[in-house]
Amino acid sequence: MSSVTVWFIRCALIYFLVAILLGLHMTVAGPVYPVMPVHVHFNLLGWMSMMVFGVGYHILPRFSGKPLWSDRLSYVQLWTANIGLLGMAAGWYLKSSGSGTPVLVVFSVVEALSILFFVINMFKTIKITPPPAKPAAVPVKK
Ligand code: HEM
Ligand code: HEM
């Protein structure tokens, strides 16, 4: 696996653990702000999306029989996805103490850009390939 795949999967697993701890906290404390949006987005943008990014970078070029369009963009996406998500979490915590909306907006845009980078890279990588030819029938000896 490439290092971008390994790092996306490592990050996804870490966000999953943190999100589950926040979920357990809310099971006891109720759906409190800002734990609720952080739990939701660590699960959906951290765990689920990053797992899809990591697996996607590995598998989609292979399915297409074509190299990934841009390795460099995939690393930029790894960084922006993490900076964006952690910044969004910080924004929600700051917002709960009265400030933080600009922080949330800036990092939300960073996160949205990271998604755009993935979409561009994948659109440029995937292509329609014909299905593999059927194996020729082997004559049976009598
Ligand atoms: C041990 C695992 C988990 C625990 C204990 C847990 C716990 C919670 C709790 C207590 C809430 C607040 C519910 C409420 O009273 O409104 C919540 C909300 C939520 N959780 Fe989890 N959760 C877990 C795993 C997950 C996973 C794996 C996902 C997604 C992949 C997820 C997605 C969500 C979403 C989207 C909401 C918000 C629902 C809404 O907007 O009302 N959770 N979770
Ligand atoms: C760039 C990406 C994203 C941004 C900037 C974003 C931003 C936000 C914001 C600002 C809220 C309101 C939180 C609050 O103040 O309570 C929210 C709520 C929510 N978002 Fe996202 N989101 C993004 C991606 C996603 C994705 C990909 C999913 C699902 C796959 C998702 C699912 C949800 C859900 C379920 C809620 C309701 C949470 C709650 O009940 O507290 N979001 N999002």
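# Exercises on a predicted model

The residues around ligand 1 in this model are Ile20, Gly23, Leu24, Met26, Thr27, Pro31, His39, Val40, Asn43, Leu44 and Met48. The model is a predicted one.

**Exercise 1.** Determine which elements give two or more residues to the shell around ligand 1, and classify the shell by polarity.

*Solution.* Step 1: the elements that give two or more residues to this shell are helix 1 (3–29) and helix 2 (35–64). Step 2: the shell divides into 7 nonpolar and 4 polar residues, with no charged residue. Gly counts as polar in this division, and Gly23 belongs to the shell.

**Exercise 2.** Describe the shell around ligand 2 by its residues, its helices and its polarity.

*Solution.* Step 1: ligand 2 is surrounded by Met36, Pro37, Val40, His41, Leu44, Leu45, Ser108, Glu111 and Ala112. Step 2: at least two residues of this shell come from helix 2, and at least two from helix 4 (101–125). Step 3: helix 2 provides the largest share, with 6 residues. Step 4: the shell consists of 6 nonpolar, 2 polar and 1 charged residues.

**Exercise 3.** Identify the residues with the most contacts inside the largest nonpolar core, and state which helices supply the core.

*Solution.* Step 1: the largest nonpolar core has 23 residues, and Phe8, Tyr15 and Met50 have the most contacts inside it. Step 2: helix 1, helix 2, helix 3 (71–96) and helix 4 each supply at least two residues of this core. Step 3: the largest share of the core, 7 residues, is that of helix 2. Step 4: leaving aside residues up to four places away in sequence, Phe8 touches Met50, Phe53, Gly54, Tyr57 and Leu78.

Conventions
Residues are numbered from 1 along each chain as its sequence is written. Chains are lettered from A and ligands numbered from 1 in the order in which they are written. This is a predicted model: local features need pLDDT of at least 70, side-chain atom pairs count only at pLDDT 80 or more; totals for chains, interfaces and linings use all residues. A residue is near a molecule or strand if its C-beta atom, placed from the backbone, lies within 6 Å of it. Helices (H or I, at least four residues) and strands (E, at least two) are DSSP runs, numbered from the N terminus. A nonpolar core is a set of buried Ala, Val, Leu, Ile, Met, Phe, Trp, Tyr and Cys residues joined through C-beta atoms within 7 Å. A residue is buried if 20 or more other C-beta atoms lie within 10 Å of its own, exposed if 12 or fewer, and partly exposed in between; C-beta atoms are placed from the backbone. Two residues are in contact if their C-beta atoms, placed from the backbone, lie within 7 Å.
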